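The following note is offered for colleagues reviewing this model. Its points concern charged side-chain pairs and one helix residue.

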Amino acid sequence: MADVQEYINKGIELPAAPTIITQLTSLLNNEEVSSHELALVAQTDQAFTAKILKLVNSPFYGFSREVSSVEEAITMIGLEAVHQLLLTMSFLNMFKADKNIFNINEFWLHSLSVGIIAKELLKNESKENKNAAYLSGILHDVGRLIYYQVDQKKYVAFYDKGNSVIDLEKESKWFQLNHQQIGSLLGEKWNFPDIIVSTIKYHHSPEDYKGDNIILAHAVHISDIISHGLDIGNSGITYVTKFSKISWDALQLTDEKVKEAVKNSISEIKYTKKIIFE
């Protein structure tokens, strides 16, 4: 198999960040962005437009009348909700896989769940942190997709050997780099903020991250384990690990707070899944 680092650096069959992702990220970083501006981006793709209208008219929001305008839909459900929907759809469209080898919908469902729960765990944080938590959750395991893209046979051989627990050392020996490292390199290639790149890189070991805004890595770490425990989607892991005590304490979590976060996230996961995959 080609060296993974070389593979990423050269971008062999690895798409650059779609233009719409770059546009969305730029818009959402602008405090004065309007529904009209976001609607102009969304309307460049008919599939995006259809999904936004399907979302705003779903029982999740429960509006009393049908909404037929994308701009009005964005105003009613919020810029962040539309941003998250478009980002998720963009990532889904980027990577293709043989469902008999790699169930990519289940992979993205797990990633979606991690993003939504991480955002909920940080509900009292800034809008910027909540958006970053969602994006980091969506991308936290993207390194596993790159394994598949690089060499399907080697990917299958690794997981067919029962290597479905988190073993970063074994991944590194088998694929040259573990999935955290590969995912963070992809984040760098796509020019994502350093905090998102670092969160991807340390989501299994947040205690090793010494940079700023470590709270994001803690949130994605906890939400990843919660999602596995709830059996939402499947990213290749079948064993539920323990929470890092450092992360648990950093987020000031209790059993009740976790239950509340899960309860608040489930309906959003359910309806977002229905909008995106059906």
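1. A salt bridge here is a side-chain nitrogen of Lys or Arg within 4 Å of a carboxyl oxygen of Asp or Glu. The model is predicted, and by this rule it contains 9 salt bridges.

2. Glu72 and Arg65 meet that criterion, their closest N and O atoms being 2.3 Å apart. Glu72 is partly exposed, at a relative accessible area of 25%; Arg65 is also partly exposed, at 46%.

3. A further salt bridge joins Lys123 to Glu260, with 3.3 Å between the closest N and O atoms. This pair links distant parts of the chain, 137 residues apart: Lys123 belongs to the loop between α7 (104-121) and α8 (127-139), whereas Glu260 sits in helix α16 (residues 255-277). Lys123 has a relative accessible area of 37% and is therefore partly exposed. Glu260, at 39%, is likewise partly exposed.

4. The contact between Lys123 and Glu260 does not stand alone, since a network of salt bridges links Glu120, Lys123 and Glu260.

5. Helix α16 also holds both Glu256 and Lys259, which are 3 residues apart, about one turn of the helix. Their salt bridge has its closest N and O atoms 3.8 Å apart, and both residues are exposed.

6. Is Ile146, in helix α9, buried or exposed? Its relative accessibility is 0%, so Ile146 counts as buried. Helix α9 spans residues 142-150. The C-alpha atom of Ile146 is separated by 8.1 Å from that of Gly183, although the two residues are 37 residues apart along the chain.

Methods:
Residues are numbered from 1 along each chain as its sequence is written. This is a predicted model: local features need pLDDT of at least 70, side-chain atom pairs count only at pLDDT 80 or more; totals for chains, interfaces and linings use all residues. Side-chain values use heavy atoms; hydrogens and water are left out. Helices (H or I, at least four residues) and strands (E, at least two) are DSSP runs, numbered from the N terminus. Buried means under 20% relative accessible area, exposed over 50%, partly exposed in between (1.4 Å probe, protein chains only).
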